[in-house]
Amino acid sequence: MTRRDLVKAISPSRVGSDKSAWDPYELSRPQATKVVNIFFDSIAAALKKGEKVTLPIGTFEVLEH
């Protein structure tokens, strides 16, 4: 399973706010673990390169003190 397949599995295309087409059991626990690890690894890699990461919960960046 590729990264694209994993992301597609957790973000199915839906129209409007109708979530009835989404099956929450479509993603197994090992697949969900891979998705979470890919997500945080991607953030860590960007921060190591000195990039700023902006998410809906806030912005992360490495600052030198």
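pLDDT is the predictor's confidence in each residue, from 0 to 100. For this predicted model, the protein averages a pLDDT of 78, with 63% of its residues at 70 or more. Confidence bottoms out in helix α1 (residues 3–10), at a mean of 54, and peaks in strand β2 (residues 58–60), at 93. Where pLDDT is low, the predicted coordinates should not be read in detail.

The fold runs α-α-β-β along the sequence, that is, 2 helices and 2 strands, taken as DSSP runs numbered from the N terminus (helices H or I, at least four residues; strands E, at least two). Of the 65 residues, 12% are buried (under 20% relative accessible area, with exposed meaning over 50% and partly exposed in between; 1.4 Å probe, protein chains only). About 5800 Å² is exposed, 56% of it supplied by carbon and sulfur atoms, going by the Shrake-Rupley method with a 1.4 Å probe.

V36 sits in helix α2 (residues 29–48) and joins F39 and F40 in a nonpolar surface patch of about 290 Å². Such patches take residues with over 30% relative accessible area and no salt bridge, nonpolar side chains being joined within 5 Å; a salt bridge puts a side-chain nitrogen of Lys or Arg within 4 Å of a carboxyl oxygen of Asp or Glu. V36 has 41% relative accessibility, so V36 counts as partly exposed; F39, at 41%, is partly exposed too.

Aromatic pairing comes to 1 pair (ring centres within 6.5 Å; planes under 30 degrees apart stacked, over 60 edge-to-face, the rest tilted). The F39 and F40 rings have centres 5.2 Å apart and planes at 80°, so they meet edge-to-face.

Residues are numbered from 1 along each chain as its sequence is written, and side-chain values use heavy atoms, leaving out hydrogens and water. Local features need pLDDT of at least 70 and side-chain atom pairs 80 or more, while totals for chains, interfaces and linings use all residues.

Technical notes
Rings of Phe, Tyr and Trp (its six-membered ring) pair if their centres lie within 6.5 Å; planes under 30 degrees apart count as stacked, over 60 as edge-to-face and the rest as tilted. Patches are made of residues with over 30% relative accessible area and no salt bridge: like charges are joined within 9 Å, nonpolar side chains (Val, Leu, Ile, Met, Phe, Trp, Tyr) within 5 Å.
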